[in-house]
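Subject: Structure handover

Hi,

Here is the structure I promised to pass on to you. Please open it first, and then read on for what turned up in it.

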Amino acid sequence: MSINRPSSNKKPGEQSSTTPSGKEVPMAMSMMVDSMVRMIQKANIDQEECVKEDYSEDIDEN
């Protein structure tokens with residue numbers, strides 16, 4: 001889900017990125033949101049794996 005970011009000669013505070021909806025947001029904000037989305041997706045995957053492990057342990061005990 002990463003956004004292709006063109007290289008820029010602008011200062012970091014002046015860089016911006018265009019969202020799929022066409023809004024222009026600061027580059028730092030875009031990068032922060034990308035990072036948060038990846039962390040949430042990884043947490044969901046890790047949680048699913050833990051649930052599967054717990055379920056398989058319950059089956060083994062019976």
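In which element does M29 lie? M29 is placed in helix α1, which covers residues 27–61. Please keep in mind that this is a predicted model.

Let me start with the overall layout. The protein chain contains two strands and one helix, and from the N terminus the order is β-β-α. Of the 62 residues in the protein chain, 6% are buried. The exposed area of the protein chain comes to about 5700 Å², and 55% of that area is supplied by carbon and sulfur atoms.

Next, a word on confidence. The protein chain has a mean pLDDT of 76, with 66% of its residues at 70 or more. Among the elements, α1 has the highest mean pLDDT, at 83, while strand β1 (residues 16–18) has the lowest, at 73. As a general caution, predicted coordinates should not be read in detail where pLDDT is low.

Back to M29, then. This residue belongs to a nonpolar surface patch of about 470 Å², and its partners there are M32, V33, M36 and M39. Is M29 itself buried or exposed, or something in between? M29 counts as partly exposed, because its relative accessibility is 41% and that class lies between the 20% limit for buried and the 50% limit for exposed.

Now to the charged side chains. How many salt bridges does the structure hold? There is one, and it joins D46 to K42, with 3.0 Å between the closest N and O atoms. Both D46 and K42 sit in helix α1, four residues apart, which is about one turn of the helix. In general, side chains of opposite charge can pair when their charged atoms come close. The two partners fall into separate accessibility classes: D46 is partly exposed because its relative accessibility is 32%, whereas K42 is exposed because its relative accessible area is 53%.

There is also a patch of negative charge on the surface, where E48, E49, E53 and D54 gather. One of them, E53, is found in helix α1. At 48% relative accessibility, E53 counts as partly exposed, so this residue stays under the 50% that exposed residues have to pass.

That is what I have for you. Do write back if you would like to go through any of it together.

Best wishes

How values were computed. Residues are numbered from 1 along each chain as its sequence is written. This is a predicted model: local features need pLDDT of at least 70, side-chain atom pairs count only at pLDDT 80 or more; totals for chains, interfaces and linings use all residues. Side-chain values use heavy atoms; hydrogens and water are left out. Patches are made of residues with over 30% relative accessible area and no salt bridge: like charges are joined within 9 Å, nonpolar side chains (Val, Leu, Ile, Met, Phe, Trp, Tyr) within 5 Å. Accessible areas come from the Shrake-Rupley method with a 1.4 Å probe; for residues, only the protein chains shown count as cover. A salt bridge is a side-chain nitrogen of Lys or Arg within 4 Å of a carboxyl oxygen of Asp or Glu. Buried means under 20% relative accessible area, exposed over 50%, partly exposed in between (1.4 Å probe, protein chains only). Lys and Arg count as positive and Asp and Glu as negative; His and the chain ends are not counted. The place of a charge is taken as NZ of Lys, CZ of Arg, CG of Asp or CD of Glu. pLDDT is the predictor's confidence in each residue, from 0 to 100.
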